[in-house]
Amino acid sequence: MRRTPGAQGARLEPVPGNTGRMKRVALLGATGSIGRQAIEIVEAHPELELCAVTSGSTPLDDIHAPLKQVGGSVEGILDEAQPDVVLNAVVGFAGIHATLWALEHGVDLALANKESLVAAGELALAAQQRGGGRILPVDSEHSALFQCLEGRAPEQVDSLVLTGSGGPFRGRTREELTEVTTEEALAHPTWRMGPKITIDSATLANKGLELIEAHFLFGIEVVLQPTSIVHSLVRFRDGAALAHLGYPDMRVPISHALTYPERAATPLAPLDLTSLTLVFEPPDADTFPMLQLAREAGEKGGTYPCVFNAANEAAVTAFLEGRLRFLDIAEVVAEALAHADGAPARDVDDLLEVDRASRAIPVA
């Protein structure tokens with residue numbers, strides 16, 4: 001996608017792709033949930049091939065690829081691999097270098113690492129402008145928006161709506177969340193994900209990160225859709241809306257990003273419309289303040305989104321390790337934002353320093 005200025009802000013405009021030859025895929029974060037499903041997609045489609053795989057610390061012995069790397073900087077292996085598409089499934093801020101490399105080098109970026117776009121913000125967009133790299137979203141909500149917007153002129157769009165399941169604690173009050181355990185917070189009702197993103201879903205921080213990720217799309221709204229069947233909607237100026245529906249399975253957006261602009265087959269069964277009951281409801285901002293904190297950070301701009309992301313990552317780690325209560329996650333993030341000056345980052349080094357300082361706020 002690329003940014004196109006509109007009357008009320010910038011919007012997503014899908015860019016036509018190239019077809020007709022083998023597509024070389026560099027998979028970063030190969031041992032996580034997204035990585036494993038991506039390998040399944042690649043193995044099912046002969047027009048795709050893995051040219052490089054990386055992981056943060058987990059061995060890659062069972063994955064077949066010409067180039068492998070565990071730990072360390074990713075720029076070197078990407079330079080050597082020369083991929084056609086980089087699937088960035090690294091967890092957290094650590095994915096920023098891969099995002100910037102792909103955009104600078106004009107390589108398609110299948111983006112499952114929302115934190116890099118949240119934290120890097122304008123730096124990533126500037127890199128995209130210089131290099132011409134194309135962003136193909138892998139988050140189910142952003143992939144849904146991308147698909148609903150294809151072929152639509154920006155002036156036809158009225159607003160965009162992100163949906164969310166509400167996590168395992170939807171409907172509970174703050175008083176009912178005072179003694180939440182890690183096991184309860186990790187029990188997501190519809191998605192099976194890694195621990196960090198699952199906790200983010202429980203606090204609604206993940207929906208906040210997605211809001212910031214989509215800050216260059218005007219008119220973003222968030223509603224809860226508990227069954228995770230409706231992934232996002234686009235409202236048009238004539239009063240109509242297009243929605244992307246499907247079972248909660250990440251193989252769909254992964255396949256769409258890796259095979260774009262083709263729409264390759266997946267092993268998923270067709271959606272059984274007769275079994276669906278679709279309910280929408282507003283998020284509870286009082287019980288789950290992370291969504292509002294993210295919105296405020298995104299509206300302020302500068303490095304405030306980076307601060308939000310870093311403080312949240314530190315707080316989630318502390319919660320998972322038993323050093324922080326569930327409700328204290330939002331308090332840590334609010335404190336970090338209150339202490340930040342939010343000055344824009346001139347380069348990646350500035351951003352790294354903001355990230356480091358934001359994680360230094362005590363969480364125990």
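**Ala-144**

I started with Ala-144 and asked: is it buried or exposed? Ala-144 comes out at 0% relative accessibility, so it counts as buried (buried is under 20% relative accessible area, exposed is over 50%, and partly exposed is in between, with a 1.4 Å probe and protein chains only). This is a predicted model, so I kept in mind that local features need pLDDT of at least 70, that side-chain atom pairs count only at pLDDT 80 or more, and that totals for chains, interfaces and linings use all residues. Residues are numbered from 1 along each chain as its sequence is written, and side-chain values use heavy atoms, with hydrogens and water left out.

I placed Ala-144 in helix H6, residues 140–149 (helices are DSSP runs of H or I with at least four residues, strands are E runs with at least two, and both are numbered from the N terminus). Leaving aside neighbours within four places in sequence, I found Ala-144 in contact with His-231, Ser-232 and His-244 (contact means heavy atoms within 4.5 Å). I also checked Ala-144 against Arg-36: they are 108 residues apart in sequence, and their C-alpha atoms are 21 Å apart in space.

**Helices H8 and H9**

Next I went to H8, residues 195–203. 7 of its 9 residues are buried, so H8 is largely enclosed by the rest of the structure. The buried ones in H8 are Lys-196, Thr-198, Ile-199, Asp-200, Ser-201, Ala-202 and Thr-203.

What do the buried residues of H8 pack against? I listed helix H4 (114–120), helix H7 (182–185), helix H9 (205–213), helix H11 (290–300), helix H12 (304–320) and helix H13 (328–339).

I picked Thr-203 in H8 for a closer look. Thr-203 is buried, with a relative accessible area of 6%. Not counting residues up to four places away in sequence, Thr-203 touches Phe-288, Met-290, Phe-326 and Ile-329.

Then I moved on to H9. 9 of the 9 residues of H9 are buried, so that helix too is largely enclosed by the rest of the structure. I noted that the buried set of H9 includes charged names such as Lys-207, Glu-210 and Glu-213, along with Leu-209, Leu-211 and Ile-212.

**Backbone oddities**

Most residues other than glycine have a negative phi, and most peptide bonds are trans. That's why I went looking for exceptions.

Just after H8, Leu-204 takes a positive phi of about 70°. Gln-82 has a positive phi as well, near 50°, and I found Gln-82 in the loop between helix H2 (75–81) and strand S6 (85–88). Ser-228 has a positive phi near 60° and sits in the loop between strand S10 (220–224) and strand S11 (230–236). At 5% relative accessibility, Ser-228 counts as buried.

Which two residues does a cis peptide bond join? I got Tyr-260 and Pro-261, with omega about 10°. Pro-261 lies in the loop between helix H10 (251–259) and H11. While there, I looked at Val-252 in helix H10. Val-252 is partly exposed, at 27% relative accessible area. The C-alpha atoms of Val-252 and Ala-264 are separated by 9.3 Å, with the two residues 12 apart along the chain.

**Cysteines**

I searched the whole structure for disulfides and got 0 (a disulfide is a pair of cysteine sulfur atoms within 2.5 Å). I looked up Cys-51, which is buried at 2% relative accessible area. Cys-306 is buried too, at 1% relative accessibility.

**The whole chain**

I counted 14 helices and 12 strands in the chain. The radius of gyration is 19 Å, close to the 21 Å that the globule rule gives for 364 residues, so the chain is as compact as a globular protein of that length (the radius is taken over C-alpha atoms, and the rule is 2.2 Å times the number of residues to the power 0.38). Along the principal axes, the C-alpha atoms fill a box of roughly 55 × 50 × 40 Å.

Buried residues make up 55% of the 364. Of the contacts between residues at least 6 apart in sequence, 70% join residues at least 24 apart.

Last, I tallied charges: 29 positive and 49 negative side chains, with the centres of the two sets 3 Å apart (Lys and Arg count as positive, Asp and Glu as negative, and His and the chain ends are not counted; each charge is placed at NZ of Lys, CZ of Arg, CG of Asp or CD of Glu).
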